[in-house]
Amino acid sequence: MHAMNRRTDRSDGTGADPRGARDTDVIVVGAGPTGLLLAGDLAEAGLGVTLLERRPAEISNLTRALVVHARTLEQLDARGLADELVAGGHPLTGLRLFGRATIDPTQLRSRFPFVLVTPQFEVERVLERRARRAGVTFRHDSEVLGLDQDIEGVTVRFRTAEGLGSVRAAYVVGTDGVRSTIREAVGLPFPGRSVIRSLVLADVRLAQEPDSPLTFHATGEGFALIASFGGGWYRVIGWNRHRQAADDAPADLDEVRELTRLAVGSDYGMHDARWVSRFHSDERQVPSYRVGRVFLAGDAAHVHSPAGALGMNTGLQDAANLSWKLAAVLRGRAPDGLLDSYQTERHPVGKQALRSSGALIRIALLPTGPGHAVRALAAQLVNRVRPLSRRAVRTISGLGIAYPAGPGAHPLAGRRAPDFRLAGGSRLYELLRQGRFVLITPAGEPGVPQAPASGGDSPRPADDRVVTAFWRSERRTALLVRPDGYIAWATDATAPAARTAALRGAVAHWTGTEDGASIATALTPPAHAADTPAGR
C-alpha cells in the first residue's frame with residue numbers, strides 16, 4: 001500500500017463527483033478498531049479519508065474487548081501490525097470454557113495458533129498510529145447530527161465546540177457502535193432483543209494471580225470472566241442470577257467479589273477497583289449493511305453477547321472486506337456494484353457470530369441442575385469428538401469463514417488463503433501489505449503478467465494492481481488472492497494454452513486491468529447465495 005493521502009475527484013463512471021465537489025473520498029464515523037482499520041486501509045490506498053469521532057482526542061474509549069483471534073491477527077499481519085500486538089499481549093494455547101471444555105487453537109494451520117489476550121485500547125493504539133501516518137484526517141469532538149445523500153455523494157452534518165459543520169464525500173461508513181447515529185440517519189431498523197441484563201464490568205487489581213491470563217467459569221447461578229491486560233490490572237465481566245438491576249443502578253467492588261466467588265470459587269483478593277459499571281447485552285443485526293452510499297460495519301451493524309469474544313474481531317474483518325472494494329471503486333477499477341458483495345459476504349458472518357455467541361451464553365445461563373448436565377455434555381463432545389473440536393476452534397478463531405463462490409468455481413474460491421511460504425523466502429501475508437491482489441503460480445509460468453525480472457525468485461509487481469509470486473514447492477495450482485486474504489480464483493488446469501488463457505483472463509477479470517466491470521460480476525452470486533453459511 002502507498003502511505004499517501006490524495007483526493008480522487010473525477011467523473012469516470014464510478015459515480016464520483018466532478019473535481020472539487022467533495023471534501024474527501026470517504027467519511028468514516030467512529031474511531032474504534034473497525035473505523036481505524038478501515039480508514040487506514042483507504043488512506044494507504046491513496047484515498048482521502050476523514051474520520052469523525054464524538055469523543056475528544058484526550059478521552060479514551062470505554063473498551064470491553066480483550067481477545068484477538070487468529071484470523072484477525074492474520075488481517076493485522078497483512079498490515080504489518082500483528083507482531084507488535086503479540087509481543088505486548090498474552091498468547092494462550094488453550095481456552096477452558098465452563099471449567100471443562102478445552103478449545104485448542106494449537107491445531108490451527110496459521111502463523112498464530114493461539115488466542116491473544118490484549119486490551120482493545122492496544123489494538124486501537126497501533127491502528128490509530130498507522131491511520132495518522134497514512135494521512136487520515138481526524139476530527140475529534142465531532143457529534144454527527146445527520147446526513148444527506150444523493151446520486152453523487154453524501155454530506156454529513158456534525159457539531160463541534162466551535163459550532164456546526166459539514167463534510168462531503170463519495171461514501172460514508174458508520175462504525176459508530178451499537179447506538180449508531182449513522183444507522184439511525186439512514187432509517188435502518190436494528191431488530192433483536194436483550195439476551196442478558198445486569199452484566200457487571202470492572203477493572204481491578206488481584207492479590208492472587210489466576211492460573212491463566214484468561215479465566216472463564218459458569219455455574220448456572222452466575223458466570224465470570226477474568227482477563228489480565230497488563231500493568232497489574234485485570235478486567236472482570238460477570239453476572240449474578242440473584243442480583244439483577246437496571247443499567248443505571250450503582251455497582252461496587254463488593255458485588256464484583258460476590259459474583260466472582262459464585263462463579264469461580266474465589267475472588268483472588270480483589271482490591272483497588274479503578275471503575276465498575278453495569279450494562280446489558282443485546283443480540284441485534286441490521287437487515288442491510290448498505291443503504292445507497294452509506295455502509296455500516298462492526299457494532300453499528302451487529303451486536304451480540306461477549307461470549308466467544310467475537311465482537312471486535314468480527315468488526316475488524318468487516319473493515320478488511322469493505323476497504324479494498326471501496327478502494328477499487330474509487331480508483332476506477334470496478335463499478336459501484338462491487339460494493340453490494342459486502343452485504344452478500346459479511347451479513348451471513350454477522351449472523352453466524354450471533355448464533356455462536358448466543359449458544360455459548362445460553363449454556364452459561366442455564367440454571368444449576370439442568371445446566372450442569374448440559375455443560376458437562378458439551379464439554380465431553382468438544383473434548384472427545386475431534387471433528388467437532390476442530391469446527392469449534394475454526395469457528396471461534398475466524399479461520400473457518402468462507403465466502404460464496406459462483407457456479408463452477410474452483411473448490412478453493414472464496415476460502416481463506418493460508419500464509420503460504422513462497423519462493424525467495426517471502427510469505428503471502430507480507431505481500432498483502434502492498435494492498436494488491438497476489439497471483440501465485442509455479443515458477444516460469446507462461447502467460448503470467450510480470451514486471452521485468454530483477455534477478456532471483458522474489459515476488460514482483462505485474463502493475464500496481466497485482467503482485468506475482470511463485471510457489472516454493474512443485475505445486476501446480478495457480479491462485480489469485482484478494483487483498484483481504486481470500487482466494488478469488490484458482491485453477492488446476494495443466495494444458496499450457498488453456499492455463500495461459502485462464503491466468504490472463506482471471507487477472508484481467510478480478511483486477512480490472514482490461515474490464516473493470518468484471519470484478520463486480522465475479523462477486524455477484526446466484527440469488528440463493530445470500531443464505532450460504534459463512535463457514536465451511
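Start by selecting strand 21 together with strand 23 (residues 466-470), which pair in the parallel sense over five bridges; strands here are DSSP runs of E with at least two residues, helices are runs of H or I with at least four residues, and both are numbered from the N terminus, while two strands count as paired if DSSP finds at least two bridges between them. What you have open is a predicted model, in which local features need pLDDT of at least 70 and side-chain atom pairs count only at pLDDT 80 or more, whereas totals for chains, interfaces and linings use all residues. Residues are numbered from 1 along each chain as its sequence is written, and side-chain values use heavy atoms, with hydrogens and water left out.

Within this pair, pick out Thr 441, whose bridge partner in strand 23 is Phe 470. Then add strand 24 (residues 478-481), which pairs with strand 21 in the antiparallel sense over three bridges, and find Val 438 with its bridge partner in strand 24, Val 481.

Now show strand 21 (residues 437-441) alone: five of its five residues are buried, so the strand is largely enclosed by the rest of the structure. Buried means under 20% relative accessible area, exposed means over 50%, and partly exposed lies in between, using a 1.4 Å probe and protein chains only. In a regular strand the side chains alternate between the two faces of the sheet. Here Phe 437, Leu 439 and Thr 441 lie on one side and Val 438 and Ile 440 on the other, and all of them are buried.

Next, select the six strands that form an open sheet in the order 8-2-1-12-19-18, with mixed pairing. Its edge strands are strand 8 (137-139) and strand 18 (290-291), each of which pairs on one side only. Add helix 7 (residues 311-330), which packs on this sheet and touches strand 1, strand 12 (171-174) and strand 19 (294-296); contact means heavy atoms within 4.5 Å. The direction of helix 7 makes about 170° with that of strand 12, where axes are lines fitted to C-alpha atoms, for helices over the stretch in contact, and angles run from 0 to 180 degrees between N-to-C directions.

Finally, move to strand 14 (residues 214-218), where four of the five residues are buried. Five bridges join strand 14 to the antiparallel strand 15 (residues 222-228), and these two strands form a hairpin with three residues between them, where Gly 220 in the turn has a positive phi of about 95°.
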